[in-house]
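Please open the structure in your viewer and keep the selection tool at hand, since this tour moves from one selection to the next.

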Amino acid sequence: MRLSIIIPVYNVAEYLPQCLDSVFMQDLTGCEVICINDGSTDNSRAILTEYQKKFPELIIVDTQNGGLSAARNSGLKVAQGEYVYFLDSDDYLYPGVVSEMLRFAEGKKLEVACFNVLKNGKRPYFENDFKNEDILTGVEYCKRFFQNFGFYYPAPVWMYLYKRIFLVNNNLYFSEGKLHEDEDFTPRVMFYANRVSLLNISVQYHRVGREGAITNSTTIKHLSDSTAICRNLYQFFNEQQNTEPIFYHNIYFFYLVTLIKAYENNLLAKRKLFFKRNDAILMLSCAQSDYERKCAKLACISISLTYRYYRNRLNYILSRIINRIL
């Protein structure tokens, strides 16, 4: 079996046929499609049943609404493919991409093959003119991606094809019960990977801003899960030998993004529920420059000040005072 396509399904009857049609129009020779029906209460299960009648390579696994991470883990545990690809059920693949993805991954004997996507079918996740098909370690890939784009390698798992045995041997599963699971999963993958490469083609239409999507709003749970992931990643990398600074730097930025979201969504009054003094200390230890250390120190005092300092919205006098004191 060459490939297992794993699709978690939860109340997506409106989008599921388009997703499945995009999969079954591919050349699926040597492939299996695993749909995890995660306790759907709409017509999603009936849709899967109808597709299974037409496409015997479709495997349906029923679970009890354990969430996206648990559904992906369930799919990974029954998968038989040499490679696995995680596809969200409200997105869809472009024609012919499965063959291209497998050709690339198998030809280079990759543990992780990286691709691009189009947000709402229009805007690429990163620039299309970037070409880099060298085989790198995960650490080298992270560094080179940052050097080329000025931001970190994408976390979403639907931008990658993974060698299944590589995930299993390194115990790389998703943290269950947590949001932002990809931000926890992908840095660990890159830490362990020895053969990574990028084919800069857009492989799917990714829906952004879908009504009802779990990532379409910011809540206290989003924020608390984000900081919990930062703590867990910090502990993980601290337990390893010779961890590259880029992984700590990524944690710093994840902390910073979390604070920005808290400010922009008027959730600062509940700070103690998602950002505590120890988080500020960890954020400070992950900072890589004087400017970043000042942001982290301000976070100990006030998220509002941190946000305004980061966005350069402090008045001249207050900004000078902060720069002198910190």
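Which residues are buried in helix α1 (residues 16-24)? Select the helix, and you will find that L16, C19, L20, S22, V23 and F24 are buried, where buried means under 20% relative accessible area, exposed over 50%, and partly exposed in between (1.4 Å probe, protein chains only). Helices (H or I, at least four residues) and strands (E, at least two) are DSSP runs, numbered from the N terminus. Before going on, note that this is a predicted model, in which local features need pLDDT of at least 70, side-chain atom pairs count only at pLDDT 80 or more, and totals for chains, interfaces and linings use all residues. Residues are numbered from 1 along each chain as its sequence is written, and side-chain values use heavy atoms, with hydrogens and water left out.

Next, select strand β6 (residues 112-119), which is largely enclosed by the rest of the structure because seven of its eight residues are buried. Two strands pair if DSSP finds at least two bridges between them. Add strand β9 (residues 196-206), which runs parallel to β6 and is joined to it by six bridges; here V112 has V196 as its bridge partner. Now add strand β8 (residues 160-163), which pairs with β6 in the antiparallel sense over three bridges, with A113 opposite L161. Strand β7 (residues 123-124) also pairs with β6 in the antiparallel sense, over two bridges, and K119 stands opposite R123. Between β6 and β7, which form a hairpin, lie three residues, and N120 in this turn has a positive phi of about 55°.

Finally, select Y316, which lies in helix α13 (residues 316-325) and is exposed, with a relative accessible area of 60%.
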